[in-house]
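Colleague: Could you take me through this one and tell me what stands behind the terms you use?
Modeller: Gladly, here it is.

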Amino acid sequence: MRNSLPNYHKKMKTPAFKRAFSFYRIMKYPCIAFSITSVFCSSLMASPSLAQRLDKSSVNINISKGEKLDVILHKIESLSGLHFVYNPDLLQERNTVLSGSFKTEPVRSLLNKLGISAVEKEDYVILNTQGNIKADRIVTGFVRDTLGAAIAGVSVKVVGTQTGTTTDAKGAFRIEAGPQAVLSFSMVGFHSKDVSVAENEVINVTLSEERSTLSEVVVVGYGTQKKETLTGAVSLVSLDKLSSRSVNSVGEVLAGKSPGVIVTNEGGDPTSTPRINIRGAGGINGESVLYVIDGSIFLGTPQLNPNDIESISVLKDASAAIYGARASGGVVLITTKKGKKGQMQISVDAKLGQQSAWRKLQPLNAEQRAQVAATAAKNGGTTILPAFDPTKYPEGLVTKTNWMDEVFRNATLQDYNAAINGGSEKSNFYLSFNYRNAEGIVLNTKTKRYNFRINSEHQLTPWLKVGENLSYSSTNGNGANTSSDYTGALLSAIYYPTNGTPYNADGSFAGLPGPFPGDYGDIINPVAELMRIDINNPVNVLVVNPYASIQLAKGLTFRSNLSITKSNARFKSFTPRRPEIGKPVLSNSLVERADDANDILAEQVLNYKTSFDKHQLDLTGGYTFQKTKNTYLYTSGAGFDDESKQYRYLGNANTSQPSESGLNATAISSLFLRANYSYNDKYLLSLIGRRDGSSMLTKENRFKNYASASAGWVISKEEFLKSATWLDQLKLRGSYGILGNLASLSPAAVNPLLAITQSYFGQTPTLQKGYVQTILANKNLTWAESKQTNIGLDLGIFNHFNLVADYFIKETNKMILTRSLPGTAGLNSQTINAGLVNDRGIELGLTYNSSKNADFSYSINATLTKLNNKVKELDAGLSTIAVPTNFRNELAPLSITVGQPLYSYYVLKTDGIFQSQAEADNYKNANGQKIQPNAKAGDFKFVDIDGNGSIGSEDRYFAGSAYPDFSYGLSFNANYKDFDFNIFAQGVQGNKLFNAIKRTTYSASGPSYNKLTGILDAWSPENPNGKVPIISTSDANGNFNASDFYIENGSYLRIRNVTLGYTLPKSIANKFKMGTVRIYATANNLFTITKYTGFDPEIGMDNNGLDVGRYPQARSFIVGLNVNF
Amino acid sequence: MKTNVKYFAIAAVALFASCNKQLDITPEGSPSAQNFWKTEQDAIKAEAGMYEKYNEEDYYGRGMFWFINASDDMVTGRNKPEADNIKNFNRNYIGGGYTESQWSMRYAIIKRANDIIIHVPNISMDEARKKQIIGDAYFNAGLVYFQLAANYGNDKAGVPIVTPETDASVPVARANNVNENYDYIISLLLKAADNLPYFSEMKDTDYGKAHKTAAWAYLSKVYLYKKDYTNAAKYADMVISSGKHELLTNFADVFKAANNWSKEYIWSVVCTPNGGGTGWGSKLPGVMLTNKAWGIYNGWGYYLPTKELYDSFETGDLRREATILKPGDKFQFFGAERTFTKDGGATSNYQFKKYMEPFSYANPIPTHVNPNGDNGTTDLNVPLMRYAEVLLIKAEAAINLNGAGAGDTELNKIRKRAGLLAKSGMGLTDLKRERRNELAGEWADRHRDLVRWGDAQATYAKPLHDFDGAVIWPARNFNPQVHDVWAVPQREIDNSSGVIKQNAGW
């Protein structure tokens, strides 16, 4: 096939292609089939057909002095088409002494000039480099490090020969060499150095320490890159002692470890997963991070075994454009462990721990509650409720239960991990299993996880490599309802009267106590509610990811990747009767739901690497297609005569409700290209282009092109800095790009379906289904655009310090905005492209690594992210969007307004408390009218911001948001002999939280729930400095309307993790025929510094900072054992 | 080699083209607006969709009942500052939860009605069914406009008028005054009456959908509010002379589920205790039931009668005991006789009795009463318009047109059933008392009556009392210049980018 250049359209000679094409025609999903067909094609392409004619070949070449021999050989190869075979060890680090411009120089002659003899054999040329460099003297010298200390044991070799020696304890060496020789100095932990002997007899050498960060290879999406040559903002996440922690999800691994990556825990519920934002929320509808695991895009949040993680890198800026439309929220690239050549290794790790709440809130006891009720009635001019009146119900003053202690518990945690890895020259494998079972700190909550993984890779032929990553995860758990503003379990535990008990004497669940249960409000016994949870919610995810990598030609590789993710989730929840007084439900019900997701990703990627002179070029291009299909089935029944476990199945329901089912399918198809160019590793340029098409948009708007460009200048490689030995690296980076974003867009935005309704008609009311429009279609919807600019600096000095600093601006334009329509529209929402949100910030990452060779070594890693977001514009004519998030429909403090950060609090401004009636009456406007006509002593004074003489919605002001000013993380790792120690602190500063539960627990107006002790700081004539408004059953002044009273400083500093480990000395371990044995103890969330008065400052962002008594983070203590065989 | 690459490129391009076809995915699961509005079934389903909101708590469960609660007939039974602020005409209730959705859910019904008005005429289907559905759309639109206009519109500003042609994406400004609204509502209800069948002509499976006399009855009420007494009398008379309606003999029987569809029925919320999984319809019976219902059920205990209401009844009025429970009254509850006692913390010693019949039976769950005490719907349809109110509208219009005595015929029908002697020469005072006593605790809206009669300021200047004579609600300051309407939900003002303005003074 190589002889003809057939016109593809006229005649198709090649049967393999015909086969392939017909194959794809009959396949239902041709794009996926390509992954398979491409394997056929590649076997044809790799057939050897390049004849070698060494003696007939000549080249035009420029060789500069000091150029590496292997680079020259590469050039000769690519110019002549010859294929060289040689021992790279003998050539790699050798610099040539030859230089000059050669025209039509025969290759053999050129090789000889380079001191290389050549033998032609069949298709290739075998090179031999020995015997041409004659030793004529003895060279001596010392090898020192950058601080001047002698280095012993440095290997000194004459390049291209067998001659070699090592330095002694003083760093001295002696070796025979000739003037043409090049000495190579190498030592693990140091950069190797080559020195030409020339006329010298004494050569002193300084070796610079090799810090892992510079030579690290970073996964950058469809390939890897040396960290040295990166031009984008890509960070490598340090996994300090990850395996010593027990983490629920991958998000916890990232928290505080990488500048710009903000991990927010959405409460501490064992079934909740943290939110990850890279460089801001990315507009109103938010962006989620794109996860790429072993090169395959994973939609959603992966349930990984943290012990399987080999490395994590994060693409933060426009360099993520390689992932195009879905990458504007940043990309987290996770590489899992692979097998290693050599003896099989087995590693077993077991952890046991206990978790508990670090802080519980303090509700009033029964006596205090009665006091508050009496005060409230007196001040409100009402009669005291009999339940709190000792003359009517003396028992009401007896505290019987501490509900906080009843709903929280000490929970156990188990986490086991086993892994085997091994491999030969041609094959390797990694196999692991993980089981984690963590009880939650709230009664009857838990999470369970199984992970299983097999990764293997096989070099089938010199040009063909195949492998697979196969993983299976299964999770299951019970969460507690702590997000409902009415029935949240922790709210109920605050609200429930302390003179009540969880259980009756007969063991049944107790209801509200006493003869006046109505006086306590509608509250559910929280213990009963939690203990009744009967949820089975297994989520199984299977990822099958085979791939093949083919060496098409020199420097040209093709990789075909297929990833199939199948997940199924079942949900079964039985709600028993709740007969006790409180909020009785006198029937029971069962809900079952099945969700299936099927995701297919097919990627074909070509990569071409080449270099000429000092130019290096790395081209990557490819095509990907991903199709996702979600289906669900929902069914429910009610009226079970018998609630026993064995009857909790739908067949036993007396009434079945109509079932529902549905489908959601989307597909995305993309082409991409990346060109990385580097000149002498000094001037770096990277260009990325991508074209994406989505099924969610109309044909007209479906495709969009994205591009980014980034450049780097390694200043430290410039001549004028070469002598600065203290400087390891100084690099300037800059990038700009436009990325797309479809955010949380659903196909319904462009092509909405009618909603199905229920209503009842008839003499005997009978269900009648209906269809109604609730969404206003928008055919013109298109991609949101995210313009990202980044300027960065990498600095490495004194071998120990490393600084990465970035300044970025991210403008999310034409946001996909689901706006509430004006009430008169009669529809709920419309999704539009509108507005502009700006995220800008500074990221700093600082590391310090002590000398590794000492008994005591340590490293410090600090990250700081300062981020500001601002809404620049919304839709035309739209300056504000009211956010529906609220507490009990009574407090809705959030707003999205132009000129403010997203989700800012928009509330009344308090100005202290009126100390007397006279003071309240004297608060008058220009017309002499009272500004707050209903105010009394002890009520809040509100600021009349608009100056219209009365207090109303126009007097609201912006009082901050839940987004912090900056976030930081600090880790310290140390090793002393066999001990290792890690401490990790993380915090946020300057965020504001809206402590909404004050509405019901600091106020005696409204439902007569139990209150928090905070209410005791209420104003009274005796307590004039009280910060809480007067205790009263009335709230005519609107004291508890949304104001800055609820807004608290949400800053915190949390010692996330402390680990102390001890590795048994080898001698002892060997006695037990084991490899390394390490025991460790870990404390998570050991302590927290915060001024926030709620359960926990980490309430997450899903309620935009409005705290409704969220499940707090647990504090845990874990001991673990790690054994390797 | 180059050739190989070329093949490769060609294959890739061909493949890319084929994969792009894979991007044509049409959402599945239910009809889309494009493929709807084709068949008779579509029309019927669209009609059913209009009624979805009847199930919402803030629609006929509580919602505007917080406004009705402002009257002198009742007090908020539990400590509830937002409700207190509504009752006290204190602007601090604005932005709260109870009344914020009143506009949006009503405009949703208007939108659904407008869609029917546009699309159903083009569907080829049974003509009688088509007329009925179109009529139902006009009726529902007219009814919810009326609720909005009466509560939010006055001579200074009306409520926005959204016609079938209005662009849904832009905010609509308020009408100049409430009369513009009333005129539009009248045009809708007239079209409704034209298209709708009589209730007697409907299949029993369609009960609960609009019918002709309901349209006339609301026309008479709209004209009454508009103070166009001639037309109010005219449309009340059309109901009366239709011969389709009459009063039940026994007042208490009106509030029995068995009489949901009696001749006195004109319009009500269809209710069922166990439909839809959690019951359907108005939960007003549960909302009015004493808090915690003596530990047996989850009453909410919100709207409790006052001594003012109790004492307003003439001696011997059978309606009093059928309307109000007071301490010591005997009644059936969950199959057993109870003597009425209030819940410990209740603000009033009375409770409304009108919606208690479903709770009287032994084991009423789930046949009569919702198993979920948090959603106290029952099998009793909560009345919105009864024939008795049509008689009262006629009487009020007649007295206003022709002076005292002009409404005697209608008023005496009502008095007779109440066990009272017929009177003659009855004037507005009698009319007001009869209207109050007949419709107490119902959606007929005593507060609105007091406002339109101009009696609100004087009435609310007096405190309200409990059974034992104690003051349970202090005197209130009602400013007729401001409080004749309620405050527009803050959400609507915020969401309209300033197009919708707050009522003056609020």
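Modeller: Two strands pair if DSSP finds at least two bridges between them, a strand being a DSSP run (E) of at least two residues, numbered from the N terminus. This is a predicted model, where local features need pLDDT of at least 70 and side-chain atom pairs count only at pLDDT 80 or more, while totals for chains, interfaces and linings use all residues. Residues are numbered from 1 along each chain as its sequence is written, chains are lettered from A and ligands numbered from 1 in the order in which they are written, and side-chain values use heavy atoms, with hydrogens and water left out.

Colleague: What makes E45 and E46 of chain A a pair?
Modeller: Strand E45 (residues 894–897) and strand E46 (residues 904–907) of chain A share two bridges in the antiparallel sense, so the requirement of at least two is met. A:Leu894 stands opposite A:Tyr905 in E46(A).

Colleague: Why is one side of E44 and of E49 in chain A left without a neighbour in the sheet?
Modeller: The open sheet runs E44-E45-E46-E49 in chain A. E44 (880–882) and E49 (957–961) are at its edges with a single partner strand each, so one side of each has no neighbour there.

Colleague: Why is the contact of A:Glu954 with B:Arg91 called a salt bridge?
Modeller: The term asks for a side-chain nitrogen of Lys or Arg within 4 Å of a carboxyl oxygen of Asp or Glu. The closest N and O atoms of A:Glu954 and B:Arg91 are 3.5 Å apart, so the pair qualifies. The count between chain B and chain A is seven salt bridges.

Technical notes: Helix = DSSP H or I, 4+ residues; strand = E, 2+ residues; numbered from the N terminus.
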